[in-house]
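I sat down with this one over coffee and kept notes as I went. Here is what I looked up, entry by entry.

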Amino acid sequence: MASSQVVKVLIVEDDIVTRRIYRTMLSRFGFEVTEAEDGKKAINHFVDGNEYDLVLMDKEMPKMDGVEATRTLRGMGIPVKIVAITGDEHSRGAFLDAGADEFLLKPLSILALTDILKAFNFLN
Amino acid sequence: MASAPFKAQLTDLLNSMFAMDFLDEQFKELQMLEEASGPGFLTEVVTLFCGDAERIISQLDALLNEPAVDFGKVDANVHQLKGSSSSVGAKRVALVCIKFRNVCQENDKEGCIAALHEIRHEFDELRKKFQTMLQLEQQIQDLDSK
């Protein structure tokens with residue numbers, strides 16, 4: 001886990017509405033949430049020395065898509081849990097091959113998110 | 001209670017929006033989130049969505065009026081609108097976005113223009129209903145807080 005007790009989550013998603021919804025879903029659990037609007041900005045957060053426990057990764061984004069961002073993070077040796085969340089069901093294989101830990105289809109439900117958080121032991 | 005008739009109107013409005021597929025189950029997720037996180041969340045998300053959708057639709061209009069249409073940019077914008085409409089449960093808007101992407105991927109300019117008109121129509125209808133919903137919620141809140 002990242003160095004503090006609070007679970008730190010990075011939302012990587014180009015749509016502002018979706019980011020707002022994810023932020024509210026996560027804030028209910030007292031998590032610390034950071035947002036990045038594309039894969040390149042997400043990578044930069046890690047390059048800047050920030051640590052996260054969980055990344056919620058969209059697929060289609062400008063500058064760098066989610067599969068490439070996932071592959072880049074794994075190539076950097078970043079062990080963070082990465083959950084791909086996309087409407088493209090055909091990208092499951094690509095995401096898992098790139099190193100994502102889980103794959104969820106949009107739109108994200110509270111139940112699906114809660115199940116993943118429990119599976120990763122981020123919830124008591 | 002003074003707010004009772006407005007609550008009834010709001011219930012009727014939302015029921016009709018679900019029945020006519022303006023909204024789907026995802027909107028109910030947002031309603032549950034508001035119950036958990038407090039008032040104001042739905043207003044914020046709906047307002048964000050409407051502003052963002054208006055921006056994207058204007059952008060699409062501009063892109064399709066170019067002499068040489070960049071279908072890649074059109075597709076990227078439609079994809080974004082599909083994403084935000086799916087996230088708020090705006091079912092009819094999301095469905096038209098899927099149709100739009102299909103004609104866009106065939107580089108069909110006329111098809112794209114027709115799809116844009118349809119998106120504009122669906123979004124305008126939805127926005128009117130959202131505005132009524134937010135007005136009713138505000139009236140209810142004002143009356144209940146007295």
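**Entry 1: the β-α-β unit**

What kind of unit do β3(A), α3(A) and β4(A) make? I keep in mind that I am reading a predicted model. I found that these three elements form a right-handed β-α-β unit.

I then looked at the neighbours of the strand β3(A). Strand β1 of chain A, residues 8–12, runs parallel to β3(A), and 4 bridges join the two. Within that pairing, I noted Val9(A) opposite Leu54(A). On to β4 of chain A, residues 81–86: this strand is also parallel to β3(A), again with 4 bridges. Here Met57(A) has Ala84(A) as its bridge partner.

I also checked the two faces of β3(A). Leu54(A) and Leu56(A) are buried on one side, and Val55(A) and Met57(A) are buried on the other, so both faces are covered.

**Entry 2: the annotated aspartate**

Next I went to the UniProt record. An unreviewed entry there gives "modified residue: 4-aspartylphosphate" for Asp58(A). I located Asp58(A) in the loop between β3 (54–57) and α3 (66–75) of chain A.

Is Asp58(A) buried or exposed? Its relative accessibility is 2%, so Asp58(A) counts as buried. I listed its contacts, leaving aside neighbours within four places in sequence. Among them are Val12(A), Glu13(A), Asp14(A), Thr86(A) and Lys106(A). Gly66(A), Ile85(A) and Phe95(A) are also on the list.

**Entry 3: the annotated histidine**

I turned to chain B, where UniProt (an unreviewed entry) lists His79(B) under "modified residue: Phosphohistidine". I found His79(B) in helix α4 of chain B, which covers residues 71–88.

Which residues does His79(B) touch, beyond its neighbours within four places in sequence? I got Glu60(A) and Arg101(B), one from each chain. His79(B) has 15% relative accessibility, and because buried means under 20%, I wrote this histidine down as buried.

**Entry 4: where the chains meet**

Those two contacts of His79(B) turned out to be partners: Glu60(A) and Arg101(B) form a salt bridge, with the closest N and O atoms 3.2 Å apart. How many salt bridges are there between chain B and chain A? The count is 2.

I took the wider view of the interface as well. In it, 15 residues of chain A are in contact with 21 residues of chain B. The buried area between the chains is about 1,600 Å², and carbon and sulfur atoms give 64% of that.

**Entry 5: more salt bridges**

A search over all chains gave me 22 salt bridges in the whole structure. I picked out a few.

In chain A, the side chains of Asp38(A) and Lys41(A) meet at 3.7 Å, N to O. Asp38(A) is buried, at 2% relative accessible area, while Lys41(A) is partly exposed at 34%.

In chain B, I looked at Arg92(B) and Glu122(B), whose closest N and O atoms are 2.9 Å apart in their salt bridge. This pair links distant parts of the chain: Arg92(B) belongs to helix α5 (residues 91–105) and Glu122(B) to helix α6 (residues 109–144), 30 residues apart. Arg92(B) is partly exposed at 25%, and Glu122(B) is buried at 11%.

Arg120(B) and Asp124(B) form a salt bridge too, at 3.1 Å between the closest N and O atoms. They sit 4 residues apart in helix α6 of chain B, so about one helical turn separates them. Arg120(B) is partly exposed at 25%, as is Asp124(B) at 24%. I followed this pair outward and found a network of salt bridges linking Glu54(B), Arg120(B), Asp124(B) and Arg127(B).

**Entry 6: chain B as a whole**

Last, I stepped back to look at chain B. How many helices and strands does chain B have? I counted 6 helices and 0 strands. Its C-alpha trace spans about 60 × 25 × 20 Å along the principal axes. Of the 146 residues in chain B, 45% are buried. For contacts in chain B between residues at least 6 apart in sequence, 66% join residues at least 24 apart.

Definitions and conventions
Residues are numbered from 1 along each chain as its sequence is written. Chains are lettered from A and ligands numbered from 1 in the order in which they are written. This is a predicted model: local features need pLDDT of at least 70, side-chain atom pairs count only at pLDDT 80 or more; totals for chains, interfaces and linings use all residues. Side-chain values use heavy atoms; hydrogens and water are left out. UniProt positions are given in the numbering used here, feature names are shortened, and annotations may be inferred rather than shown by experiment. Buried means under 20% relative accessible area, exposed over 50%, partly exposed in between (1.4 Å probe, protein chains only). Contact means heavy atoms within 4.5 Å. Two strands pair if DSSP finds at least two bridges between them. A crossover is right-handed if, with the strands pointing away from the viewer, the path from the first strand over the helix to the second runs clockwise. Buried area is the accessible area (1.4 Å probe) that two parts lose on being put together, summed over both. A salt bridge is a side-chain nitrogen of Lys or Arg within 4 Å of a carboxyl oxygen of Asp or Glu.
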